[in-house]
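Reader: I'm new to this one, so let's go through it together. Could you show me the structure before I start asking?

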Amino acid sequence: METTEISIVVDGHKERAKLQYDAAKIFIIFTMKNGFRKKYESEDLYLCLAKIRHDLPHIKFLCKGSKLNVTPSRMCSQMSGGFVAYELTMGKPATFNDIVYIFNYEENDIAQTLEEQKEFYKAWLQSLNTE
């Protein structure tokens with residue numbers, strides 16, 4: 001099991017939260033400074049993070065996995081357990097250079113929900129089909 005910390009914003013105050021995760025067994029144990037601790041399981045780590053965000057909508061998660069334009073491909077999900085994903089740009093196919101670690105710091109274009117990220121992904125796909 002690996003451990004990392006991410007920045008979160010709770011009631012307008014930035015703090016750190018601990019993530020203990022296992023990409024093979026596919027779970028995250030999320031622990032906050034106030035003592036809140038819960039285990040989340042899903043098909044990959046990206047979706048585990050999405051479950052945490054869904055469970056705690058009053059918290060802003062400042063990491064790449066919460067960014068509007070970040071989503072894993074099926075291969076990323078299978079090969080890394082969702083630990084990496086693509087940071088997509090409208091009208092541009094994703095390349096190896098667009099791969100990011102979902103727990104890396106990010107404060108711009110943070111999505112509140114996985115649904116917002118899915119909508120961006122659909123729009124990105126459409127942006128590739130224009131000639």
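Reader: Is Asp 109 buried or exposed?

Author: Keep in mind that this is a predicted model. Asp 109 is found in the loop between strand E8 (99-101) and H3. Exposed means over 50% relative accessible area. Asp 109 has a relative accessible area of 55%, so it counts as exposed.

Reader: What is the phi of Asp 109 near?

Author: Asp 109 is a residue other than glycine, yet its phi is positive. The value is near 55 degrees.

Reader: And Ile 26, where is its place?

Author: Ile 26 also comes with a backbone detail: it is not a glycine, but it has a positive phi of about 60 degrees. As for its place, Ile 26 is in the loop between strand E2 (13-22) and strand E3 (27-31).

Reader: Let's zoom out. What pattern does the chain follow along the sequence?

Author: There are 3 helices and 8 strands in the chain. Reading along the sequence, you get β-β-β-β-α-β-β-α-β-β-α.

Reader: Why can the chain be called as compact as a globular protein of its length?

Author: The globule rule gives 14 Å for 131 residues. The chain comes out close to that, so it is as compact as a globular protein of that length, with a radius of gyration of 15 Å.

Reader: How much of the chain counts as buried?

Author: First, the outside: the chain exposes about 7700 Å², and carbon and sulfur atoms supply 50% of that. To count as buried, a residue needs to be under 20% relative accessible area. Of the 131 residues, the share that does is 47%.

Reader: What about Phe 120, buried or exposed?

Author: Phe 120 lies in helix H3. The cut-off for buried is under 20% relative accessible area. Phe 120 has 14%, so it is buried.

Reader: Which residues is Phe 120 in contact with, leaving aside its neighbours within four places in sequence?

Author: Distance along the chain can mislead you here: Phe 120 and Thr 71 are 49 residues apart in sequence, while their C-alpha atoms are separated by 9.3 Å. Once the neighbours within four places are set aside, the contacts of Phe 120 are Leu 68, Asn 69, Leu 88 and Met 90.

Reader: Now the pockets. Which element gives the most to the lining of the largest pocket?

Author: The largest pocket holds about 200 Å³ of space. Its lining has 13 residues, and Tyr 46, Leu 47, Thr 71, Pro 72 and Lys 118 lie nearest the centre. Two or more lining residues come from each of helix H1 (45-55), helix H2 (74-80) and helix H3 (114-128). The one that gives the most, with 5 residues, is H3.

Reader: How do the residues of that pocket lining divide?

Author: Tyr, Leu and Pro count as nonpolar and Lys as charged. Over the whole lining of the largest pocket, the split is 5 nonpolar, 4 polar and 4 charged.

Reader: How many cavities of 30 Å³ or more does the structure hold?

Author: The largest cavity has about 60 Å³ of space. Counting from 30 Å³ up, the number of cavities in the structure is 1.

Reader: Which strand gives the most to the lining of the largest cavity?

Author: The lining consists of Arg 53, Pro 57, Ile 59, Lys 60, Phe 61, Ser 66, Ile 110, Ala 111 and Gln 112. They divide into 5 nonpolar, 2 polar and 2 charged. With 3 residues, the top contributor is strand E5 (residues 59-62).

Conventions
Residues are numbered from 1 along each chain as its sequence is written. This is a predicted model: local features need pLDDT of at least 70, side-chain atom pairs count only at pLDDT 80 or more; totals for chains, interfaces and linings use all residues. Side-chain values use heavy atoms; hydrogens and water are left out. On a 1 Å grid over the protein atoms alone, a cavity is a set of points where a 1.4 Å probe fits but cannot get out, and a pocket is an open set with protein on both sides within 12 Å along at least five of seven lines; lining residues have an atom within 4 Å of a point. Grid points are joined across faces, edges and corners, and a volume is the space filled by probe spheres set on the points. Helices (H or I, at least four residues) and strands (E, at least two) are DSSP runs, numbered from the N terminus. The radius of gyration is taken over C-alpha atoms; the globule rule is 2.2 Å times the number of residues to the power 0.38. Buried means under 20% relative accessible area, exposed over 50%, partly exposed in between (1.4 Å probe, protein chains only). Accessible areas come from the Shrake-Rupley method with a 1.4 Å probe; for residues, only the protein chains shown count as cover. Contact means heavy atoms within 4.5 Å.
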